[in-house]
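Trainee: Could we go through this structure together? I would like to learn how the terms used for it are justified.
Mentor: Gladly; here it is.

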Amino acid sequence: MADSSFDVLIIGSGPGGYVTAIRASQLGFKTAIVERDYLGGICLNWGCIPTKALLRSAEIFHYFQHAKDYGLKANNIGYDAKGVVARSRAVSKRLNDGVGFLMKKNKVSVIWGEASIDAPGKVTVKASKSDAPKGALGAGSYRAKHIIIATGARPRVLPGIEPDKKLVWTYFEAMVPDRVPKSLLVIGSGAIGIEFASFYRTLGSEVTVVEVLPQILPVEDHDIQVFARKSFEKQGIKIHTNAKITKLDKKSDSVAATMEEGEKTQTITVERAISAVGVIGNIENLGLEKLGVKTDRGTIVVDEYNKTNVPGIHAIGDVSGPPMLAHKAEHEGVVCVEAIKGLHSHPMNKLMIPGCTYCSPQIASVGLTEQAAKEKKLDIRVGRFPFIGNGKAIALGEDQGLVKVIFDKKTGQLLGAHMVGAEVTELIQGYVVAMNLETTEEELMHTVFPHPTLSEMMKEAVLDAYGRVLNI
Amino acid sequence: MPTNILMPALSPTMEKGNVARWLKKEGDKIKSGDVIAEIETDKATMEYEAIEDGTLAKIVVPEGTQDVAVNSVIAVLAGEGEDVKAAASAAKGAPPQKATEKKAETVAAAPPSAAPRPQKPSPPTVEAVPATRGNRIFSSPLARRLAKEANIDLNPVQGSGPHGRIIARDIERAKSGKGLRAPSIAPALGAAIAPAMSDAQVRALFEDGSYELIPHDNMRRTIAQRLTASVQTIPHFYETMDCDIGRLTAAREEINAAAPKGKDGKPAYKLSVNDFVIKALAVALQRVPDANVSWTESGLLKHKHSDIGVAVALPGGLITPIVRHAETKSLSAISNEMRDLAARARERKLKPHEYQGGTSSVSNLGMYGIKDFTAVINPPQSTILAIGAGEERAVVRNGQLAAATIMSVTLSCDHRAIDGALGAELIREFKTLIENPVMMVV
């Protein structure tokens with residue numbers, strides 16, 4: 001076989017695409033991956049990872065500011081915005097190199113350029129603007145029995161608040177600021193908006209968050225939304241809900257934003273604004289229309305094994321619909337390629353995909369919210385446990401937070417778990433495993449949790465749901 | 001890409017097989033349809049045909065290997081124009097799997113948007129690995145609780161989770177009677193049955209060197225497993241009847257003498273007593289249709305046809321090929337079919353569909369001079385007829401002692417499906433037919 005013919009060809013090397021490529025190679029497929037810009041995609045280069053690096057700097061800066069609380073002295077504390085950004089970029093670079101190494105190790109051919117599908121089994125790659133990494137194949141015609149589209153998503157642009165990338169940023173510009181603006185407007189309060197609000201507030205910006213829906217963090221449980229909002233407001237973030245930015249008036253070095261809040265209309269003047277009003281799938285220029293691949297509101301329509309309506313063409317990750325999360329993309333890719341191999345692969349249960357937001361305090365959740373459970377007319381038991389009742393949380397100086405669990409009253413099935421507070425993004429997986437194993441409250445109550453840890457709160461919340469809470 | 005050649009599932013229940021013989025060597029060119037290997041299943045040896053052209057790059061499982069799990073890679077085929085050496089080395093990472101460690105990762109690549117391509121011969125349906133280890137049924141806590149609330153027995157529930165684990169959705173399906181396995185036999189009842197002696201306990205009773213250890217082949221194991229299950233789960237009862245086969249013997253001689261001769265001078269048929277027995281049992285089952293049944297938990301299967309299994313002794317075992325729709329076939333057709341089936345059975349060349357199922361069976365030990373014996377029912381059948389030797393016996397007729405050719409037959413019945421009186425009706429019909437063979441002809 002020539003080097004232009006593959007069993008599996010993946011378009012896009014984000015977390016969905018590159019993990020799929022590794023799994024495909026493990027399964028014995030001759031595999032190629034097409035990338036036009038950065039190995040690792042948005043996640044590694046302009047999303048999940050570099051923002052975590054930025055937020056870590058902010059967190060440490062926050063500790064410096066509160067050194068006294070821990071009996072420590074820190075004088076002349078401050079930050080160097082360029083240094084914070086440089087660290088974040090270095091982290092991305094390291095992981096980006098790592099993906100290159102993984103492709104080599106797994107004998108995945110990297111093809112550099114913009115791919116479009118001519119027909120099932122046939123892909124044309126055109127040269128892209130960015131430089132190809134060493135060893136990558138170039139533009140040309142390629143063949144593959146199975147094509148997997150993993151092209152991800154990009155920032156949504158709403159009329160009236162179009163980003164100009166100087167005064168009005170998307171996450172790309174927000175990640176590499178020259179300096180921290182004195183004042184910042186964040187439009188949208190999903191994970192992306194809230195993480196930037198938290199980062200810039202910690203570094204001293206006057207931050208205003210505007211959300212069109214009645215609550216911030218629209219996908220989270222109501223108790224968590226309320227708790228988080230109070231925490232953010234205590235930190236000095238101004239929050240407007242049921243409010244809409246209708247116009248951004250760009251000045252020389254500032255922006256005047258027109259906000260409609262109920263009956264009122266007011267103007268907020270800020271140095272910079274971030275548009276974080278969601279993302280949309282990258283479905284353009286792939287040749288989908290010509291092939292008759294079904295799409296729906298900016299995403300590709302797929303079945304439970306991520307097959308599109310056209311045989312031989314699959315789609316995974318953001319481009320195949322919400323939730324648009326890296327770990328959803330990864331898992332979909334694995335399920336998809338295992339199904340291609342003919343393995344007994346289980347489709348993903350989308351109700352068991354956890355979500356994490358790395359603001360301060362952190363937010364993590366999985367499964368049904370209390371409101372969703374009630375809308376489904378489920379008879380439920382709810383348990384809650386506050387951080388203030390946990391020894392480890394108090395020792396850490398992180399005594400603000402909440403763990404909440406929702407059980408089906410009749411069967412004891414864990415329907416959902418919702419957390420806000422320190423390190424909850426590392427805790428949620430305990431509940432995710434429990435849900436996937438279909439545990440009931442009984443097994444959770446029989447499980448020994450180590451002391452002293454934050455995880456003890458996870459057990460206490462379960463006990464609370466059954467009237468057996470101990471430490472409150 | 002090289003294609004993996006997998007251990008085929010030659011029957012719905014097949015979990016493992018032996019690679020009896022390789023008929024191709026590494027490096028041989030193979031055309032679709034070529035017989036590449038012989039696979040020994042529990043009761044038969046089957047020829048395994050290639051479904052693609054290519055070169056046999058690597059034999060992963062050497063011939064003579066036993067207990068290879070279904071869907072394990074047994075060889076690797078390099079496609080046309082592919083590098084044979086590369087294909088062979090790619091196979092190195094895939095050691096043959098023992099049946100106990102069945103992994104799903106060895107199934108061949110499927111074409112786009114199609115179900116996994118079945119290897120030839122295609123299995124009717126391959127059951128998921130039953131999630132039992134001894135008496136434990138693997139199930140999720142939530143599934144157990146849902147089952148308890150709905151009063152559902154987990155035993156027959158087919159698990160759809162990883163490794164066949166029963167999960168919540170299986171219970172939801174079971175509530176509407178879906179996703180149930182055929183009643184499993186031994187495992188569910190294991191607890192109620194006294195454990196057999198261990199191998200070590202048995203050997204300890206004999207002096208070292210005073211015996212030779214003969215390893216079990218698949219047929220031996222299958223016989224042990226199926227008949228143990230039969231005796232442990234089927235409440236057997238037995239009914240014996242003496243049949244006067246004087247007329248039958250005479251008729252048989254007449255019919256055989258009248259057989260037209262073929263070109264080679266051989267008669268077109270030569271009926272045996274057993275052929276009459278098969279036909280008589282088949283017709284009797286049609287006349288007593290309530291006895292032509294199979295027991296299942298959800299209801300009796302009342303069969304429309306008489307599919308009669310006939311036990312054929314082989315060196316080291318036995319097998320029961322089936323004469324389908326025997327009630328509709330002429331004696332000569334039955335006779336010729338049996339001759340073919342028995343010959344192929346002795347070569348262990350029967351296909352699974354030729355020995356699985358059946359609605360009743362005949363076991364004949366008359367040729368050994370056995371006067372009367374009882375046979376073990378072959379599930380899913382509900383009856384089996386044990387045939388003794390036809391011998392001259394002194395009988396009393398109208399107060400006078402007389403000589404007659406008598407054959408004792410014993411019917412074993414599954415009491416779950418057939419009661420004593422019904423069994424008696426069946427054997428009485430059999431007696432009427434076998435004593436008046438003319439009636440079988442009409």
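Mentor: Let us start with confidence, as this is a predicted model. Chain B averages a pLDDT of 82, and 84% of its residues score at least 70.

Trainee: Where in chain B is the pLDDT below 50?

Mentor: One such stretch is residues 93-130 of chain B, which has 79 contacts in the model beyond near neighbours in sequence. Another is residues 183-192 of chain B, where the pLDDT is also below 50 and there are 18 contacts of that kind. For the model, the scores are ipTM 0.75 and pTM 0.62.

Trainee: Now to chain A. Why are H1(A) and H9(A) called roughly parallel?

Mentor: Set the angle against the cut-off. Helix H1 (residues 15-26) and helix H9 (residues 326-341) of chain A pack at about 30 degrees, with their axes 8 Å apart. Angles under 35 degrees count as roughly parallel. H1(A) and H9(A) are therefore roughly parallel to each other. Their crossing is right-handed.

Trainee: Which residues of H1(A) and H9(A) meet?

Mentor: On the H1(A) side they include A:Val19, A:Thr20 and A:Arg23, and on the H9(A) side they include A:Ala329, A:Glu330 and A:Val337. By class, this contact of H1(A) with H9(A) has eight nonpolar, four polar and three charged residues.

Trainee: At what angle do H3(A) and H4(A) cross?

Mentor: Helix H3 (residues 48-65) and helix H4 (residues 81-105) of chain A cross at roughly 145 degrees, and their axes come within 8 Å. The crossing of H3(A) and H4(A) is right-handed. Among the residues in contact are A:Ile49, A:Pro50 and A:Leu54 of H3(A), along with A:Val84, A:Arg87 and A:Leu95 of H4(A). The contact of H3(A) with H4(A) divides into seven nonpolar, three polar and two charged residues.

Trainee: Let us turn to the strands. What makes S8 and S11 of chain A edge strands?

Mentor: Look at the order first: five strands of chain A form an open sheet, S8-S15-S9-S10-S11, with parallel pairing. Strand S8 (168-169) and strand S11 (238-240) of chain A each have a single partner strand, so one side of each is left without a neighbour in the sheet.

Trainee: How do you know that S9(A) and S10(A) count as paired?

Mentor: Count the bridges. Pairing needs at least two, and five bridges join strand S9 (residues 183-187) to strand S10 (residues 206-210) of chain A, which run parallel. As an example, A:Leu185 has A:Thr208 as its bridge partner in S10(A). Helix H6 (residues 191-202) of chain A packs on the sheet, touching S9, S10 and strand S15 (272-275) of chain A. The direction of H6 makes about 165 degrees with that of S10(A).

Trainee: How many bridges pair S12(A) with S13(A)?

Mentor: Seven, in the antiparallel sense, between strand S12 (residues 243-250) and strand S13 (residues 255-261) of chain A. One bridge puts A:Ala243 with A:Glu261 in S13(A). These two strands, S12(A) and S13(A), form a hairpin with four residues between them.

Trainee: And how is S13(A) joined to S14?

Mentor: Seven bridges link S13(A) to strand S14 (residues 264-270) of chain A, again running antiparallel. A:Val255 stands opposite A:Val270 in S14(A). S13(A) and S14(A) form a hairpin with two residues between them, and A:Gly262 in the turn has a positive phi of about 60 degrees.

How values were computed
Residues numbered from 1 in each chain as written. Chains lettered and ligands numbered in written order. Predicted model: local features only at pLDDT ≥ 70, side-chain atom pairs only at ≥ 80, totals over all residues. Axes fitted to C-alpha atoms, helices over the stretch in contact; angles between N-to-C directions. Parallel < 35°, antiparallel > 145°, perpendicular 65-115°, else oblique. Left-handed = near helix turned anticlockwise from the far one by under 90°. Contact = placed C-beta atoms within 7 Å. Nonpolar A, V, L, I, M, F, W, Y, C, P; charged D, E, K, R; others polar. pLDDT = per-residue confidence, 0-100.
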